[in-house]
Amino acid sequence: LEHGIKISMDGKGAEKKYEAAQHQLEQYAEALFDHIAVENEEVFQAAASLFSDAELEKISFRFLDCDRDLGTGRKEELENSARLLQSAMMNR
């Protein structure tokens with residue numbers, strides 16, 4: 001039992017658990033991509049109509065600060081992981 005995950009190593013049992021985990025990951029990824037699409041299509045457009053250019057610029061700088069705190073290497077790693085996951089989802 002590591003990190004709260006118990007994996008049976010009896011062949012078919014482990015395979016079924018991996019298949020179930022893969023299925024859950026695919027569902028999560030699909031929901032995440034849907035969420036991002038809603039943000040891009042609705043939330044950001046609404047923000048553009050609600051905030052002034054100065055407020056939007058301030059918000060943009062705050063995001064840049066968050067990115068800097070996260071670290072450019074880590075951000076690139078996360079972006080690459082998302083691209084790979086999206087590519088794998090499209091090719092299944």
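**Figure 1. Arg-74 and Glu-77 pair within helix H3.** In this predicted model, Arg-74 forms a salt bridge with Glu-77. The closest N and O atoms are 2.6 Å apart. The two residues are three positions apart in helix H3, so about one helical turn separates them. Side chains of opposite charge can pair when their charged atoms come close. Arg-74 is partly exposed, at 40% relative accessibility. Glu-77 is also partly exposed, with a relative accessible area of 42%. Both values fall between the 20% and 50% cut-offs, and therefore neither residue counts as buried or exposed. A search of the whole structure finds four salt bridges; the pair of Arg-74 and Glu-77 is one of them.

**Figure 2. Asp-67, Lys-75 and Glu-79 form a network of salt bridges.** Lys-75 has a part in both contacts shown here. With Asp-67, its closest N and O atoms are 3.0 Å apart. With Glu-79, the N to O distance is 3.5 Å. Lys-75 and Glu-79 both belong to helix H3. They sit four residues apart, about one turn of the helix. Asp-67 falls within the range of helix H2 (53-70). The three side chains have these accessibilities:

- Asp-67: partly exposed, at 24% relative accessibility.
- Lys-75: partly exposed, with a relative accessible area of 27%.
- Glu-79: partly exposed, at 32% relative accessibility.

**Figure 3. Helix H2 ends just before Gly-71.** Helix H2 runs over residues 53-70. It holds 18 residues, which should span 26 Å at 1.5 Å a residue. The expected span counts one less than the number of residues. The end C-alpha atoms of H2 are 26 Å apart, so the model agrees with the expected span. Just after H2, Gly-71 takes a positive phi of about 100°. Helix H3 covers residues 72-90.

**Figure 4. The largest pocket is lined by 14 residues.** Its volume is about 410 Å³. Rolling a probe the size of a water molecule over the atoms shows where empty space is left. Ile-36, Lys-75, Leu-78, Glu-79 and Ala-82 lie nearest the centre of the pocket. Helices H1 (12-50), H2 (53-70) and H3 (72-90) each give two or more residues to the lining. The lining divides into eight nonpolar, two polar and four charged residues. Lys-75 and Glu-79, both among the residues nearest the centre, also meet in a salt bridge.

**Figure 5. Ala-82 in helix H3 lies 8.8 Å from Ala-29, C-alpha to C-alpha.** In sequence, the two alanines are 53 residues apart. Ala-82 is partly exposed, at 34% relative accessibility. Ala-82 is also one of the residues nearest the centre of the largest pocket. Ala-29 falls within the range of helix H1 (12-50).

**Figure 6. The protein chain has three helices and zero strands.** From the N terminus on, the elements run α-α-α. Of the 92 residues in the chain, 7% are buried. The accessible surface comes to about 8,100 Å². Carbon and sulfur atoms account for 57% of that surface.

Terms used. Residues are numbered from 1 along each chain as its sequence is written. This is a predicted model: local features need pLDDT of at least 70, side-chain atom pairs count only at pLDDT 80 or more; totals for chains, interfaces and linings use all residues. Side-chain values use heavy atoms; hydrogens and water are left out. On a 1 Å grid over the protein atoms alone, a cavity is a set of points where a 1.4 Å probe fits but cannot get out, and a pocket is an open set with protein on both sides within 12 Å along at least five of seven lines; lining residues have an atom within 4 Å of a point. Grid points are joined across faces, edges and corners, and a volume is the space filled by probe spheres set on the points. Ala, Val, Leu, Ile, Met, Phe, Trp, Tyr, Cys and Pro count as nonpolar, Asp, Glu, Lys and Arg as charged, and the others, Gly among them, as polar. Buried means under 20% relative accessible area, exposed over 50%, partly exposed in between (1.4 Å probe, protein chains only). Accessible areas come from the Shrake-Rupley method with a 1.4 Å probe; for residues, only the protein chains shown count as cover. A salt bridge is a side-chain nitrogen of Lys or Arg within 4 Å of a carboxyl oxygen of Asp or Glu.
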